[in-house]
Amino acid sequence: MGRRSCCRRPLPVVASLGAALLLLCAAPRALRPAFENKALGSGWFGGERKSPLQLLRELDQGPRSAMAEVHQQRRELLRRACSRHTRRQRLLQPEDLRHVLVDDKHRLLYCYVPKVACTNWKRVLLALRGRGDPGAIPAHEAHEPGLLPSLADFAPAEVNRRLRDYLTFLFVREPFERLASAYRNKLARPHSAAFQRRYGTRIVRRLRPHAQPDALARGHDVRFAEFLAYLLDPRTRRHEPFNEHWERAHALCHPCLVRYDVVGKFETLADDAAFVLHLVGEPGLRFPAPPLRPEKDLTRVQARRLFQDISPFYQRRLFDLYKMDFLLFNYSAPSYLRLQ
């Protein structure tokens, strides 16, 4: 069911997969009876190790810790937001699962959202597969295609089984801070030459009259306003989907079609990552430490500075484009926006 085999698979099979997944995600998961020992650290029952999903359900059935309560509330907020803002359910397609990575040994499904610590989460998944200290895994290796299987590559019955039995989690971020981070990392910095050639040159050709030959050839000096205009231009998504670094989180992970057990946030990354790893039950594994200067504080300042020169008209249009991420993941509109 990978990208190549999906093209060879008859359409009715794809439609059947979507229908089966939609029914699965809309129904409660079948769970084993509650275990007697309610301690999170107790990972064994009857000689078998409990899965992360079983441990999470145990926490929900007994007195909740503060972190378990936080994540239960986030699940409920997401469920309500999906019910309120998603008018018509569509069938889940194989490509909707392309960003969902699979760890069969630990029964984990992780939907990665670029610019939300996804490099470190991929390092952690590689470490769980025996690749050593996650902090020592180079970034380029973490993103190497094929090292971590995608849920989209499995047969329908195997997809359903994993969605039913595995812990599913994703991490999200305040949408405009994520967008500012993507712009700075992929278009504004000198080491992003490949992105600048692919996307920067396209933006300059389309949106900058009388551009200099060097800018047309390299795409190295795209302004933030030009980047936003490119996102808002209807031609952009007509030609191809958004790049994953600025695609909306809900369009990558489909949280109203896939039931997520843990919704982590970049703003509480350390606590949320520790909660997931505690459920995994690998006490020696630590999430890679963040930079000395908290990136979340830095990107908030950068986002405010970048948006201050954008007109209220374009701020409103961009907010409307990313509105579902704000609504589904319970983010307020930034105070620096002028949306009236």
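This report covers the overall make-up, the strands, the disulfides and the nonpolar core of one protein.

## Basis and overall make-up

The model is predicted: local features need pLDDT of at least 70, side-chain atom pairs count only at pLDDT 80 or more, and totals for chains, interfaces and linings use all residues. Residues are numbered from 1 along each chain as its sequence is written, and side-chain values use heavy atoms, with hydrogens and water left out.

The protein has 17 helices and 6 strands. Helices (H or I, at least four residues) and strands (E, at least two) are DSSP runs, numbered from the N terminus. Of its 340 residues, 51% are buried. Buried means under 20% relative accessible area, exposed over 50%, and partly exposed in between (1.4 Å probe, protein chains only).

The protein exposes about 17,100 Å², and carbon and sulfur atoms supply 54% of that area. Accessible areas come from the Shrake-Rupley method with a 1.4 Å probe; for residues, only the protein chains shown count as cover. Among contacts with a separation of 6 or more, 70% link residues 24 or more positions apart. A contact means heavy atoms within 4.5 Å.

## Strands E3 to E6

Two strands pair if DSSP finds at least two bridges between them. Strand E3 (residues 100-103) runs antiparallel to E4, with 4 bridges joining them. The two form a hairpin with 4 residues between them. Arg107, in the turn, has a positive phi of about 60°.

E4 (residues 108-111) also pairs with strand E5 (residues 167-172), in the parallel sense, over 4 bridges. E5 in turn pairs with E6 in the parallel sense, again over 4 bridges.

The table lists residues that stand opposite each other, or are bridge partners, in these pairings.

| Residue | Partner | Partner strand |
|---|---|---|
| Val100 | Cys111 | E4 |
| Val102 | Leu109 | E4 |
| Leu108 | Leu167 | E5 |
| Cys111 | Leu170 | E5 |
| Phe171 | Gly264 | E6 |

In a regular strand the side chains alternate between the two faces of the sheet. In E3, Val100 and Val102 point one way, Leu101 and Asp103 the other, and all are buried. In E4, Leu108 and Tyr110 point one way, Leu109 and Cys111 the other, and all are buried. In E5, Leu167, Phe169 and Phe171 point one way, while Thr168, Leu170 and Val172 point the other. E5 is mostly covered, with 6 of its 6 residues buried.

## Disulfides

A disulfide is a covalent bond between the sulfur atoms of two cysteines. Here the structure holds 2 disulfides (pairs of cysteine sulfur atoms within 2.5 Å). With bonded cysteines counted along the chain, the pattern is 1-4, 2-3.

Cys82 and Cys256 form one disulfide, with their sulfur atoms 2.0 Å apart. The angle about the S-S bond of Cys82 and Cys256 is -85°, and the link is left-handed. Cys82 lies in helix H4 (residues 66-85) and Cys256 in the loop between helix H13 (249-253) and strand E6 (262-265), so the pair ties together parts 174 residues apart in sequence. Both Cys82 and Cys256 are buried.

A disulfide also joins Cys111 to Cys253, S to S 2.0 Å. Cys111 lies in strand E4 and Cys253 in helix H13, so this pair ties together parts 142 residues apart in sequence. The torsion about the S-S bond of Cys111 and Cys253 is about -95°, so the disulfide is left-handed. Cys111 is buried, with a relative accessible area of 0%. Cys253 counts as buried at 1% relative accessibility.

Cys118 is also buried, with a relative accessible area of 6%.

## Nonpolar core and helix H16

In soluble globular proteins, nonpolar side chains tend to be buried together. A nonpolar core is a set of buried Ala, Val, Leu, Ile, Met, Phe, Trp, Tyr and Cys residues joined through side-chain atoms within 4.5 Å. The largest one here has 97 residues. Those with the most contacts inside it are Trp121, Phe227, Leu231, Trp246, Phe307, Leu318 and Tyr322.

What does Phe307 contact, leaving aside its neighbours within four places in sequence? Its partners are Phe176, Leu179, Phe224, Leu228, Gln315, Leu318, Tyr336 and Leu337.

In helix H16 (residues 312-321), Gln315, Leu318, Phe319 and Leu321 are buried. These four cover an arc of only 155° around the axis, which puts them on the same side of H16. The arc is that of the directions from the helix axis to the C-beta atoms.
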